[in-house]
Amino acid sequence: MASRGILVIQRKTVQAWVATLMAEAVVIGPRRGPAGDAELSPLTAVEELDLGYTHDLLPPTRYLLPPSEVLFRFQDGDGLTLTPDYDDRRRIFFGIRSCDVKGIRYQEQFFQRDFPDIYFLTRRANASLLSLACSAPPLPTCFCTCCDG
């Protein structure tokens with residue numbers, strides 16, 4: 001997937017911009033979960049956005065590689081008809097970390113090789129990645145410095 005470069009947004013305009021994005025696609029961003037922990041999940045209101053989070057416990061790739069998915073639908077009539085069921089919803093990952101972007105890029109390379117996974121590649125082609133830069137690793141368990149994140 002081609003990178004579109006770096007865009008810097010002023011903090012005071014972030015919420016208005018995210019509201020515009022939410023009108024066009026499912027925006028998956030950092031918000032506080034029911035227990036108060038940070039989680040990346042679909043935003044239902046721009047006020048849910050929490051840019052002060054350090055890291056989510058689960059990677060954003062769970063939206064690109066779900067644990068279960070419908071691969072095809074079938075209809076039995078004058079013969080069996082199989083129809084692939086591609087998830088081509090537009091998604092915008094807002095505020096993910098650069099290490100997560102790096103992980104997704106590794107997955108792209110893997111799923112494009114020998115036996116391309118059209119289901120992953122369809123979801124990835126319809127996803128935009130907007131990351132937050134870390135000035136320093138936010139947690140001692142971070143590994144972004146070792147993977148050029």
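**A nonpolar patch, a helical pair and charged contacts**

In this predicted model, Leu71, Phe72, Phe74, Leu80 and Leu82 make a nonpolar surface patch of about 550 Å². Two strands contribute to the patch. Strand 3 (72–76) supplies at least two of its residues, and so does strand 4 (80–84). Leucine 71 lies in the loop between strand 2 (38–42) and strand 3. The relative accessible area of leucine 71 is 38%, so this residue counts as partly exposed. Partly exposed residues fall between the 20% and 50% limits.

The overall fold was considered next. The protein chain contains three helices and six strands. Read from the N terminus, the order of elements is α-β-β-β-β-β-α-α-β. The chain has 149 residues, and 33% of them count as buried. Its exposed area is about 9,900 Å². Carbon and sulfur atoms supply 55% of that area. Among contacts with a separation of 6 or more, 61% are between residues 24 or more positions apart.

Leucine 49 offers one view of the interior. This residue sits in the loop between strand 2 and strand 3. Its relative accessible area is 12%, which means that leucine 49 is buried. Not counting residues up to four places away in sequence, leucine 49 touches Val14, Val18, Pro30, Leu43 and Phe94. Glycine 95 is 46 residues from leucine 49 along the chain, yet their C-alpha atoms are separated by 9.1 Å.

Helix 2 spans residues 98–112, 15 residues in total. The distance from its first C-alpha to its last is 21 Å, close to the 21 Å expected at 1.5 Å a residue. Its buried residues are Ser98, Cys99, Asp100, Val101, Ile104, Gln107, Glu108 and Phe111. Helical geometry gives context for such a list. An α-helix has 3.6 residues a turn, so residues three or four places apart point the same way. The buried residues of helix 2 pack against three elements: strand 5 (91–97), helix 3 (118–125) and strand 6 (127–132).

Helix 3 is mostly covered. Six of its eight residues are buried. These are Tyr119, Phe120, Leu121, Thr122, Arg123 and Arg124. The cover over them includes strand 4, strand 5, helix 2 and strand 6.

Charged contacts were then examined. Side chains of opposite charge can pair when their charged atoms come close. The whole structure holds eight salt bridges. One of them pairs arginine 124 with glutamate 108, with the closest N and O atoms 2.5 Å apart. This pair links distant parts of the chain: arginine 124 belongs to helix 3 and glutamate 108 to helix 2, 16 residues apart. Both arginine 124 and glutamate 108 are buried. Elsewhere, shared partners join Arg31, Glu39 and Glu48 into one salt-bridge network. Within that network, arginine 31 bridges to glutamate 39, and their closest N and O atoms are 2.9 Å apart. Glutamate 39 has a relative accessible area of 24%, so it is partly exposed.

A further salt bridge joins aspartate 87 to arginine 89, the closest N and O atoms being 2.8 Å apart. The two partners are covered to unlike degrees. Aspartate 87 counts as buried because its relative accessibility is 18%, under the 20% limit. Arginine 89 is partly exposed, with a relative accessible area of 48%.

Arginine 97 lacks such a partner. This residue is placed in strand 5. Arginine 97 is buried yet has no salt bridge. The nearest side chain of opposite charge belongs to aspartate 100, 6.6 Å away. A salt bridge would require a nitrogen–oxygen distance within 4 Å. Leaving aside neighbours within four places in sequence, arginine 97 is in contact with Tyr53, Thr54, His55, Ser131, Leu132, Ala133 and Cys134.

Notes
Residues numbered from 1 in each chain as written. Predicted model: local features only at pLDDT ≥ 70, side-chain atom pairs only at ≥ 80, totals over all residues. Heavy atoms only, no water. Patch = residues over 30% accessible without salt bridge, like charges linked within 9 Å, V, L, I, M, F, W, Y side chains within 5 Å. Areas by Shrake-Rupley, 256 points an atom, 1.4 Å probe, with all protein chains shown as cover. Helix = DSSP H or I, 4+ residues; strand = E, 2+ residues; numbered from the N terminus. Buried < 20%, exposed > 50% of the residue type's maximum accessible area, 1.4 Å probe, protein only. Expected span 1.5 Å × (residues − 1). Contact = heavy atoms within 4.5 Å. Lys, Arg positive; Asp, Glu negative; His and termini not counted.
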